[in-house]
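This report introduces a protein model to a reader who has not met it before. Please look over the sequence and the structure below, and then follow the text from one topic to the next.

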Amino acid sequence: MDHYDIIVGTGLLELIAAALLLTPRTVTIGAILSCGLLAGAIMGHLTKLGIVVKDDDGLLFALACTVLVSCAVVILIRREQIPVVDPW
């Protein structure tokens with residue numbers, strides 16, 4: 001598998017996650033998918049890329065953290081819609 005294929009596949013998953021987040025019936029699924037994608041992005045920043053990428057002053061890292069927290073809040077609010085999670 002080529003490096004280009006991984007980039008395209010990740011971008012396609014991000015596009016699907018965005019579409020799911022914008023559709024009211026699938027917001028929870030989109031938030032779960034986004035959390036997984038952003039956790040991978042954050043781990044990439046922490047292990048290989050570094051916090052600052054191409055002189056962005058850590059903007060991409062900060063945005064990834066912000067969106068991850070936002071998706072976690074959406075999951076917390078809509079936890080009753082996830083069948084495998086006990087709604088406290």
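At what angle do the axes of helix 2 and helix 3 cross, and within what distance do they come? In this predicted model, the two axes cross at roughly 150° and come within 8 Å. Because an angle over 145 degrees counts as roughly antiparallel, helix 2 is roughly antiparallel to helix 3. The crossing in which helix 2 passes helix 3 is left-handed.

Residues on both helices make this contact. Helix 2 contributes Val 27, Ala 31, Ile 32, Ser 34, Cys 35, Leu 38, Ala 39, Ile 42, His 45 and Leu 46. From helix 3 come Leu 60, Phe 61, Ala 64, Cys 65, Val 67, Leu 68, Cys 71, Ala 72, Val 74 and Ile 75. Sorted by class, the contact of helix 2 with helix 3 has 18 nonpolar and two polar residues, and no charged ones.

**Overall arrangement**

The protein has three helices and zero strands, and its elements run α-α-α from the N terminus on. Taken along the principal axes, the box filled by the C-alpha atoms is roughly 40 × 25 × 20 Å.

**Helix 1 and helix 2**

Helix 1 packs against helix 2 at an angle of about 150°, and their axes are 7 Å apart. This crossing is left-handed. On the side of helix 1, the contact is made by Leu 13, Glu 14, Ile 16, Ala 17, Leu 20 and Leu 21. On the side of helix 2, the residues are Val 27, Ile 29, Gly 30, Ala 31, Leu 33, Ser 34 and Leu 37.

The table sets out the classes of residues in the two helix contacts and in the lining of the largest pocket.

| Region | Nonpolar residues | Polar residues | Charged residues |
|---|---|---|---|
| Contact of helix 1 with helix 2 | ten | two | one |
| Contact of helix 2 with helix 3 | 18 | two | no |
| Lining of the largest pocket | eleven | five | one |

**The largest pocket**

The volume of the largest pocket is about 530 Å³. Its lining consists of 17 residues, and Thr 10, Glu 14, Leu 37, Leu 38 and Ala 41 lie nearest its centre. Helix 1 (3–22), helix 2 (27–49) and helix 3 (59–77) are the elements that each give two or more residues to this lining. Which helix gives the most to the lining of the largest pocket? Helix 2 does, with eight residues.

Definitions and conventions
Residues are numbered from 1 along each chain as its sequence is written. This is a predicted model: local features need pLDDT of at least 70, side-chain atom pairs count only at pLDDT 80 or more; totals for chains, interfaces and linings use all residues. Side-chain values use heavy atoms; hydrogens and water are left out. On a 1 Å grid over the protein atoms alone, a cavity is a set of points where a 1.4 Å probe fits but cannot get out, and a pocket is an open set with protein on both sides within 12 Å along at least five of seven lines; lining residues have an atom within 4 Å of a point. Grid points are joined across faces, edges and corners, and a volume is the space filled by probe spheres set on the points. Helices (H or I, at least four residues) and strands (E, at least two) are DSSP runs, numbered from the N terminus. Ala, Val, Leu, Ile, Met, Phe, Trp, Tyr, Cys and Pro count as nonpolar, Asp, Glu, Lys and Arg as charged, and the others, Gly among them, as polar. Axes are lines fitted to C-alpha atoms, for helices over the stretch in contact, and angles run from 0 to 180 degrees between N-to-C directions. Angles under 35 degrees count as roughly parallel, over 145 as roughly antiparallel, 65 to 115 as roughly perpendicular and the rest as oblique. A crossing is left-handed if the near helix is turned anticlockwise from the far one by less than a right angle, and right-handed if clockwise. Contact means heavy atoms within 4.5 Å.
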